[in-house]
Amino acid sequence: MATLTVRMAPLLVLWLAVCLGGTWAVDRGNFKTCDQSAFCKRQRALKPGESPYRALLETMELTNTRLTLQLINDNNKVRLLLELYRLQGNITRVKINELKPLKPRYEVPDVLIREPPTEPLSLLSQDENGVVLSLGPESQRVIVSARPFRLDIMEGRDVLMSLNSRGLLAFEHLRIRKDTSQTDPEAEKKEEDDPANQAEAAKEEDEKAEDGMWEETFKSHTDGKPNGPSAVSLDFSLPGVEHVYGIPEHADTLRLKTTNNGDPYRLYNLDVFQYELYNPMALYGSVPVMIAHNAQRTTGVFWLNAAETWVDISSNTAGKTVFGKMLDYVQGSSETPQTDVRWISESGIIDVFIMLGPTPKDVFSQYASLTGTQAFPPLSALAYHQCRWNYNDQEDVQSVDAGFDEHDIPYDFIWLDIEHTDGKRYFTWDPHKFATPKEMLQGLLDKKRKMVAIVDPHIKVDTNYKIHTEIQSRGFYIKNKDGGDYEGWCWPGSAGYPDFTRADMRAWWASMFAYDQYEGSMENLYTWNDMNEPSVFNGPEVTMHKDAMHGAWEHRDVHNIYGFYVQMATAEGLIQRSGGVERPFVLTRAFFAGSQRYGAVWTGDNAAEWEHLKISIPMCLSLGLVGISFCGADVGGFFKSPSTELLVRWYQMGAYQPFFRAHAHLDTPRREPWLFGPENTALIREAVRERYTLLPYWYQQFYNTHHTGEPVMRPLWVEYPQDPATFALDDEFLIGRDLLVHPVTEEGARGVTAYLPGKDEVWFDIHTFQKHNGAQNLYIPVTMSSIPVFQRGGSIIPRKLRVRRSSTCMEHDPYTLYVALNPRRTAEGELYIDDGHTFNFEKKEFIHRRLSFANNILSSVNLAPDAQFSTSSWVERVLILGASKPSKVTLKTADGQESQLEFDFDASMSVLTLRKPSMNAGADWTVTLQ
């Protein structure tokens with residue numbers, strides 16, 4: 001790296017040498033296994049059996065909104081408090097905390113968009129064995145069994161989910177360390193005065209010898225644990241379920257695997273250098289949400305805990321072959337499939353939301369009601385982004401920008417990585433290489449293009465750096481366990497880490513994006529938050545020490561929401577700088593539940609390998625299922641250099657993933673799209689242009705997800721929930737309901753086999769208009785120019801075919817409507833238009849049309865009569881796929897005027913093209929085929 005100095009600490013130089021040298025594989029020894037994580041090892045040692053916990057029914061209190069009940073652990077007599085809520089929208093919330101903790105235990109704030117509204121709980125029956133409560137709809141009820149404690153949620157005779165049915169509830173209570181003089185007299189007195197704690201002294205003696213309860217060492221790092229063991233764990237049983245999904249981020253299949261023969265899935269935000277594929281290792285982000293699905297029902301579990309978490313999955317059908325399952329059937333084996341899931345977190349409380357569906361879209365709506373929906377991005381953010389580590393200087397930026405124009409490839413954003421700053425001081429510019437940033441930004445703005453610059457949350461310790469001195473003087477840095485400012489090594493060398501869990505720190509950070517604070521910034525400069533796990537090069541597992549302090553809380557309590565807060569504060573800064581008018585665009589690497597409210601994520605530092613191309617599909621699908629729709633992978637792969645074939649295939653895939661950005665490592669050869677010969681340039685150009693033609697559809701999908709929480713890029717089972725053939729598919733996907741994409745992900749492929757779902761459906765190849773029946777595996781021959789994409793019969797998709805240098809240049813261009821008829825000769829779709837970049841859509845400034853075709857009439861009807869917006873765009877062409885030839889075509893506009901339309905009919909493909917109907921895209925009209 002050009003800016004490395006000889007004065008940089010040897011440790012950082014060594015880390016960089018490893019990262020930038022020839023070894024490109026993850027060093028697994030840097031990251032813990034469950035056996036090396038004391039609380040995971042301790043909890044996993046508990047085997048299913050009779051739970052030591054029982055419910056003390058005499059302590060039950062039932063109000064209109066909640067049930068409370070004490071639980072007791074018969075082994076150590078420690079009491080817990082169970083709270084049970086019925087929430088609006090078919091959600092049940094279960095909270096378990098210590099009845100009298102020595103000190104408060106961490107409860108995650110800011111992730112829920114509000115305190116979830118409750119609905120009345122009513123008591124159906126009660127005896128000495130337990131209680132039965134009504135959950136309202138469809139004979140749903142929850143059964144609380146007393147000895148041992150267990151919860152069953154039922155509908156009719158069916159058990160939907162059971163909690164603690166395997167007896168794995170565990171709650172390590174806070175306690176005084178008995179073998180040290182370093183005790184808090186107040187806490188000790190509190191503990192001694194509590195009769196529940198006096199009976200456990202003998203038990204405590206047995207526990208003393210167990211490693212890792214009060215101190216834990218990994219490699220050279222020691223984690224002092226002043227609060228001692230504090231893990232929580234609970235098991236969930238899902239009868240009838242064989243397919244579970246979610247809990248990103250992992251580089252693994254869409255359908256989660258059982259973990260009996262290896263580590264559990266780990267949720268702990270980490271900077272993992274070139275991650276391995278198909279394993280449960282933790283990556284950059286964590287969303288503790290799991291979705292369960294079978295042909296009858298979809299449910300979800302949201303485990304609201306921000307500490308390090310492990311998730312074990314087991315199944316009674318795992319490992320059975322198809323033959324084995326057939327044998328069970330023939331022999332009359334009555335074993336119902338069941339999946340068992342166990343969540344283990346290092347600290348905090350148990351706070352779990354059980355989303356009862358019953359449909360996939362109900363679960364998305366339920367989760368959105370808790371954590372919010374995907375932020376509605378500016379339209380330009382859905383276009384193509386060009387990035388590398390690093391564009392060298394302003395001349396380089398100008399040259400790349402000109403290269404796109406010269407080769408007729410559109411793009412909207414060019415990105416600057418860490419080298420653009422003055423010595424890795426964020427919010428600054430290198431005074432030699434980027435001496436006149438506003439001039440550079442104005443040059444882009446003149447072409448209606450934008451820039452993203454990186455702003456990481458590690459701050460160079462330098463008394464001449466304003467950002468550092470301000471944070472330090474305000475006391476905003478995270479503290480180490482001794483009370484001093486925590487310092488670690490990252491790109492700038494020695495760095496401090498702002499405490500983003502503090503609202504006052506976030507407000508100050510947001511204020512730094514103001515145009516008069518962030519020198520050289522303009523309205524077309526947006527932000528990228530990287531390294532926000534947080535990454536600490538010399539820290540345990542390349543992250544922060546768990547005993548660092550955020551006010552009263554240890555870092556171990558808040559670790560997984562640090563990146564969430566960084567993106568939150570940054571997005572707020574971009575909104576504030578425009579006076580609340582402009583929508584922000586912020587990309588983050590680390591994330592948590594609720595991160596969807598603040599922008600986009602990407603899958604991190606992938607590699608230029610075919611397997612990494614493939615894995616981007618399940619990785620983004622998993623994120624979409626848990627609310628984060630704005631997902632993409634580095635096109636071409638970050639590490640290594642792709643072959644031209646791989647690069648072309650990656651552009652073809654990226655053009656159909658929500659976030660479309662090419663990115664590359666500092667040490668890789670340049671790979672702008674025109675550097676691989678004219679043939680490959682043409683193939684890449686075609687893929688990028690295809691993305692731009694479909695921007696109206698992409699934008700409409702993001703408007704939809706912003707209102708519903710439904711994923712933009714979605715697995716087939718979401719739309720075909722009763723078709724088991726779709727349940728494990730993760731080499732193809734849907735964009736919205738109506739586009740099915742099966743990218744080519746094999747080197748040298750001559751063909752792919754795509755599953756087209758829906759036994760009464762038809763699908764049209766969007767390039768050839770060839771019609772195919774649903775419910776079949778279709779072999780598709782491919783060449784290097786092929787991107788297998790199909791439009792669902794029964795849909796209408798708007799496109800803009802006049803591709804210009806950026807999406808903003810296309811704002812007023814006309815639409816072409818693609819009407820794909822189903823076997824009933826009907827179709828419907830939507831058209832959404834607004835200004836593309838402000839929050840004015842929240843003030844009803846938009847156009848939202850329903851397009852429908854039935855009885856040979858195509859019509860456009862206003863879906864939002866109370867909305868006000870006008871467009872100069874018009875409809876310049878209509879293609880009807882699967883049509884018959886009419887004798888004449890008549891257009892009738894809102895003012896009652898009628899006119900005949902020109903048309904062409906291709907009998908070989910049954911495609912009817914209506915030319916120049918020229919009606920305004922925001923108006924009412926009908927087109928009648930006679």
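This report looks at one sheet and some salt bridges in a predicted model.

## Ground rules

Residue numbers start from 1 along each chain as its sequence is written. Because the model is predicted, local features need pLDDT of at least 70 and side-chain atom pairs count only at pLDDT 80 or more, while totals for chains, interfaces and linings use all residues; side-chain values use heavy atoms, leaving out hydrogens and water.

## An open sheet

Let's start with eight strands (DSSP runs of E, at least two residues, numbered from the N terminus). They form an open sheet in the order β1-β2-β3-β4-β20-β17-β16-β14, with antiparallel pairing; two strands pair if DSSP finds at least two bridges between them. At the edges stand β1 (53–62) and β14 (243–246), each with a single partner strand, so one side of each has no neighbour in the sheet.

Further in, β16 (residues 289–293) and β17 (residues 298–303) pair over five bridges in the antiparallel sense. Here His 293 stands opposite Thr 298 in β17.

## Salt bridges

The whole structure holds 61 salt bridges; each is a side-chain nitrogen of Lys or Arg within 4 Å of a carboxyl oxygen of Asp or Glu. One of them joins Arg 583 and Asp 835 (3.9 Å, N to O). Arg 583 lies in the loop between α13 (562–577) and β30 (586–588), and Asp 835 in the loop between β45 (827–833) and β46 (847–854), so the pair ties together parts 252 residues apart in sequence. Both Arg 583 and Asp 835 are buried, meaning under 20% relative accessible area (exposed is over 50%, partly exposed in between; 1.4 Å probe, protein chains only).

Arg 661 and Asp 634 also form a salt bridge, with their closest N and O atoms 2.9 Å apart. Both Arg 661 and Asp 634 are buried.

Note on methods:
Helix = DSSP H or I, 4+ residues; strand = E, 2+ residues; numbered from the N terminus.
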